[in-house]
Amino acid sequence: MGSIPVAPATKRFSISFLFCYNKTMRRYHPAILYTEIIVWGVLLFTILGMLFAADIVAGAEISDKRGDFCARVDTDAPVLTLVGDNSINLTLGAEFVDPGVEVADYCDVEQKVDGEVNSAATGEYKITYTATDERGNIASVERVISVHPEYRGTIYLTFDDGPGVYTSALLDILKKYNVKATFFVTGVGDDDLILREYQEGHTVGLHTWSHDYAYIYQNLDTYFADLARIQERVKNITGEESHIIRFPGGSSNTVSARYDGGTRIMSALANEVEKRGYTYFDWNISSGDAGGANSSDAVYYNVVERLVDGGSSVILQHDIKGFSVDAVEGIIKYGLDHGFVFERLTKDSFTAHHGINN
Ligand code: ZN
């Protein structure tokens, strides 16, 4: 029996990329293949594992430093920035969508929003946004949301012939609603009331000292002598001259014709007062409180039913009449609820001039 020649292993299995491959049989040597796969697998896991571990350690160190900084060192408050305007006007009934804030801080921040907007009721609402970081540094910003009806016009409340015993109560009402008005004062009443009118931001206008038609409408001299007297009173009280005037009876009055000897005094006065730097104001809505209306309700309806839509309403009332003063709060509420704004008369206001008759 001859011996069977055994081919050397190197010839039966060639090395092909580390895996043993039998070219003749065209297959891998199974034991070696599996071993190779296991060895390479373990090696790969080990390398990846080491890489991950290194990363986690590095990350933990950063996190530790950050945590330490945020908890004990950080003195910078978060930076809070309003998204959108710091004051927002909202029409009554419209939905309020809060544009929110942007917060920037290195450390973790806790955010809080205080305040609510009731768009079903007119008014001013404040929203406060607060951000507190881990060390307790606080930042806050505010936003004001004004809920109002759409603009319907401007109301100028004007009160003639005072001050009087009802003026103080009237000033309280105006203050309650932060409404500014105009007072055409005369020689009557307490100086303190005129001072209060002035100090509380109302316009103190001149109505003549005596309000005596027979005297003031005789001629230019008598009118201006009387006007100088009320001017002096106002200046003594407020420290300022007033150049806002109203003629007793208005520029359209015809009573003056009884006393002017046919000189057309109102035409002359309208020219002359402007030349002397005054602006005279009439009215386009009479409350009727000087005749016709004798109750608060009558005054109220005379005013609110005649308000000029989209324009200026200069309203004539008298603060020497209690029932007229009693109607003011209702008029203000109606105006505010219906989109009107209240302003005092100034030199640039709507003058509501009447047609002059003589
Ligand atoms: Zn008057």
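The following exercises, each with a worked solution, concern a predicted model of a single chain.

**Exercise 1. Overall form**

Determine whether the chain is compact or spread out, and state how its domains are assigned.

Solution.
Step 1. The secondary structure of the chain comprises 10 helices and 17 strands.
Step 2. The radius of gyration is 44 Å, whereas the globule rule gives 21 Å for 358 residues. The value for the chain is well over that of the rule, so the chain is more spread out than a compact globule.
Step 3. The dimensions of the C-alpha trace along its principal axes are about 170 × 45 × 40 Å.
Step 4. The domain assignment gives domain 1 (20-66), domain 2 (79-148) and domain 3 (153-342). Between the centres of domain 2 and domain 3, taken over C-alpha atoms, there are 43 Å.
Step 5. Of the 358 residues in the chain, 28% are buried. Among contacts with a separation of 6 or more, 68% join residues that lie 24 or more positions apart.

**Exercise 2. A sheet of four strands**

Establish the strand order of the open sheet that contains β5, and identify the strands at its edges.

Solution.
Step 1. The order is β5-β9-β8-β7, and the pairing is mixed.
Step 2. β5 (87-91) and β7 (109-114) each have a single partner strand, so each has one side without a neighbour in the sheet; these are the edge strands.
Step 3. On average, neighbouring strands of this sheet are turned by 20 degrees against each other, direction ignored.
Step 4. The parallel part of the pairing includes β5 and β9, which are joined by 5 bridges. Here Ser87 lies opposite Val144 of β9.
Step 5. The antiparallel part includes β8 (residues 123-133) and β9 (residues 138-148), joined by 10 bridges. Two residue pairs help to locate this ladder: Gly123 stands opposite Val147 in β9, and Thr132 has Ile138 in β9 as its bridge partner.
Step 6. The hairpin of β8 and β9 has 4 residues between the strands, and Gly136 takes a positive phi near 95 degrees there.

**Exercise 3. The buried face of α10**

Show how the buried residues of helix α10 are arranged around its axis, and name the elements against which they pack.

Solution.
Step 1. In α10 (residues 328-337), the buried residues are Val328, Ile331, Ile332 and Gly335.
Step 2. Viewed down the axis of α10, these residues fall within an arc of 100 degrees, so they line one face of the helix.
Step 3. The spacing can be rationalised in general terms: an α-helix has 3.6 residues a turn, so residues three or four places apart point the same way.
Step 4. Lys333 and Asp337 are exposed on the other side of α10.
Step 5. The packing partners of the buried residues are β10 (153-160), α3 (167-176), α8 (296-304), α9 (322-326) and β17 (340-342).
Step 6. Just after α10, Gly339 has a positive phi of about 90 degrees.

**Exercise 4. α4, β11 and β12**

Describe the surroundings of strand β12 and the helix α4 that packs against it.

Solution.
Step 1. β11 (residues 182-185) pairs with β12 in the parallel sense over 4 bridges, and Phe183 stands opposite Val204 in β12.
Step 2. In β12 (residues 203-206), Thr203 and Gly205 point one way, Val204 and Leu206 point the other way, and all are buried. In general, side chains of a regular strand alternate between the two faces of the sheet.
Step 3. In α4 (residues 191-199), Leu193, Ile194 and Glu197 are buried. Their directions from the axis of α4 fall within an arc of 100 degrees, so they line one face of the helix.
Step 4. These buried residues pack against α3, β11, β12 and α6.
Step 5. Just after α4, Gly201 takes a positive phi of about 90 degrees.

**Exercise 5. Ser242**

Classify Ser242 as buried, partly exposed or exposed, and list its contacts.

Solution.
Step 1. Ser242 lies in the loop between α6 (220-238) and β13 (244-245).
Step 2. A buried residue needs 20 or more other C-beta atoms within 10 Å, and an exposed one has 12 or fewer. Ser242 has 19, so Ser242 is partly exposed.
Step 3. Leaving aside residues up to four places away in sequence, Ser242 touches Val204, Gly205, Leu206, Gln231 and Val234.
Step 4. Ile230 is 12 residues from Ser242 along the chain, and their C-alpha atoms are separated by 9.6 Å.

Definitions and conventions:
Residues are numbered from 1 along each chain as its sequence is written. This is a predicted model: local features need pLDDT of at least 70, side-chain atom pairs count only at pLDDT 80 or more; totals for chains, interfaces and linings use all residues. The arc is that of the directions from the helix axis to the C-beta atoms. Two residues are in contact if their C-beta atoms, placed from the backbone, lie within 7 Å. The radius of gyration is taken over C-alpha atoms; the globule rule is 2.2 Å times the number of residues to the power 0.38. Two strands pair if DSSP finds at least two bridges between them. Axes are lines fitted to C-alpha atoms, for helices over the stretch in contact, and angles run from 0 to 180 degrees between N-to-C directions. Domain bounds come from an automatic or database domain assignment.
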